[in-house]
Amino acid sequence: MSGAQFGTLFGMDSDARCDYLIRNARVDGSRDGEQLIDIGIAEGKIVAMTEPGMLSAPEELDAAGRTVVPGAVDVHVHLGNGPQTVIEDLVTETRMAASGGVTTICPYIISAGGYDDIMGQLADAVSERSAVDVFPQLGIVSPDQISEVPRLHREFGVRAFKCFMGYKGAEASPSGIRGIDDASIVVLMSEVAKIPGGRLAVHAENMEIIEAARARVQHDEPDGSLAAWTRARPSLAETEAVQRVLQFARETGCPVTIPHMSVGQDIALLREHAVGVDAVFETCPHFLLFTCESPIGVWGKANPPLRGALDQAALWAALKGGALDVLGSDHCPFDAKTKQADRTIWEARPGIPNGSAVILPMMFDRRAGDPEISAAMITELTSQNAAARFALAGKGTIALGADADLAIIDATPAVFDSAELGGVATHSPYDGRTFGHRVWATIARGDMVFLEGERRNPTRPARVLT
């Protein structure tokens, strides 16, 4: 059997002995529909998938017919840009992610200086602290860092990087995020293109358009609002910048990620510009769940901004139609003090926390009322496409030999509460929202890291993926 999730549905590795067994897992093989199977796990890998009742193991978990999908790959997470260091965030933020069925995070790590110190200790820190596997993406926030790209790949295996068109001048972030000029981006793309499996994410916003719009809107609305923040960052600023990125990528042959896309009404246009480019289009749960009119105040401040209902509807249509490739949370580990939530929209920090824990509940909740969304489609958007485009071996599939990264979904309504997640942020705009589905269990590398609301310390070391 073949399908979006599976290489082979039923089978067993020769001489396989399971040390963990998930019984009665409901899986969606796309072409043949949903079926119940038992999934055998040994040494962190899937070694058997059989009809129920054919296997036994020292440890077993009865999924009782719940839907099982590959663990989500969150392609857009920030570590170290809040009150904790990157290393400290590995404990809290990976457990928050695991509570939402995420088994791999792809964090952006930003340093205005060099990366030798953090990369030198990252593998040991992930092994000792992280609940999930980590695929690092390093920020290039000054032209001087571009020359370091080949060495960072050679010495540490890094092949994913990020740069920013925004965050220039007064908008430069206290966490070290700085924009670089177009000429530097082209040089950077040329370097990343030389790396096998290399990919560059570009935060695409035209700062000249934004600066003029913000000055005008802030003058007229000094007290601000979420809608004012959107007017201060018009969709033109994003669409035009994305077009430039795609042209640069075409000229240099550099694979690119366009993160946090908010301009749903322009997706078809941008897809046309992406012809001939290895481009990954990403959107985020906050764009799919909120608009600039949502009553969430400064907690909804993000860059790019939340937009209107038409853009939101167009994003859902693009997601279902295949014009969007992946979902990333853009999680920022901000508590209320770091977010500056008591200030106006003009002063609060952009960034929305805890979206990692929202991705799968949001998609299964939406599936319940939308026949165009299948479990196989959810798998493509939350794990399979990311695993393929980022070359993450063993991820994004339920198949013999794949990593035993699994999320078990329960069709029980649950109210989202950031305080229960174990991350830094105990508040987010998602709080109080009822999702019709919840993540019941998360297995990372064959290790139970979350079960029935309880976070568990991993016993199998997580890995840095290169």
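A contact here means heavy atoms within 4.5 Å. Keep that cut-off in mind while touring this predicted model.

**Whole chain**

Start with the full protein chain in view. Of its contacts with a separation of 6 or more, 74% join residues 24 or more positions apart. Switch to cartoon: the chain has 13 helices and 21 strands. Its radius of gyration is 21 Å, close to the 23 Å that the globule rule gives for 466 residues, so the chain is as compact as a globular protein of that length. Turn to the C-alpha trace. Along its principal axes it spans about 70 × 45 × 40 Å. Now colour by accessibility. Buried residues account for 60% of the 466 in the chain.

**The cores**

Select Phe161, Met189 and Val256. In the largest nonpolar core, which holds 106 residues, these three touch the most other members. Which residues does methionine 189 touch, leaving out those up to four places away in sequence? Show the side chains of Leu200, Val202, Val245 and Phe248, then add Ala249, Thr252, Cys254 and Val256. Val256 thus appears twice on this stop: as a contact of Met189 and as one of the three core members named above.

Next, select Met49, Leu61, Met448 and Leu451. They are among the 21 residues of another core, which lies apart from the largest one.

**The largest pocket**

Select Tyr167, Glu171, Ser173, Asn303 and Pro350. Of the 34 residues lining the largest pocket, these lie nearest its centre. The space inside is about 550 Å³. Now highlight strand S7 (72–78), strand S11 (160–164) and helix H5 (207–220); these are the elements that give two or more residues to the lining. Which of the elements gives the most to this lining? Pick H5: it supplies four residues. Colour the lining by class to find 15 nonpolar, ten polar and nine charged residues.

**The second largest pocket**

Move on to Ser99, Glu420, Leu421, Arg438 and Phe450. They lie nearest the centre of the second largest pocket, which 17 residues line. Its volume is about 330 Å³. Which elements give two or more residues to the lining here? Select strand S17 (414–415) and strand S19 (438–444). Arg438, one of the residues nearest the centre, falls at the start of the S19 range. Apply the class colours again: this lining shows nine nonpolar, four polar and four charged residues.

How values were computed:
Residues are numbered from 1 along each chain as its sequence is written. This is a predicted model: local features need pLDDT of at least 70, side-chain atom pairs count only at pLDDT 80 or more; totals for chains, interfaces and linings use all residues. Side-chain values use heavy atoms; hydrogens and water are left out. A nonpolar core is a set of buried Ala, Val, Leu, Ile, Met, Phe, Trp, Tyr and Cys residues joined through side-chain atoms within 4.5 Å. Buried means under 20% relative accessible area, exposed over 50%, partly exposed in between (1.4 Å probe, protein chains only). On a 1 Å grid over the protein atoms alone, a cavity is a set of points where a 1.4 Å probe fits but cannot get out, and a pocket is an open set with protein on both sides within 12 Å along at least five of seven lines; lining residues have an atom within 4 Å of a point. Grid points are joined across faces, edges and corners, and a volume is the space filled by probe spheres set on the points. Ala, Val, Leu, Ile, Met, Phe, Trp, Tyr, Cys and Pro count as nonpolar, Asp, Glu, Lys and Arg as charged, and the others, Gly among them, as polar. The radius of gyration is taken over C-alpha atoms; the globule rule is 2.2 Å times the number of residues to the power 0.38.
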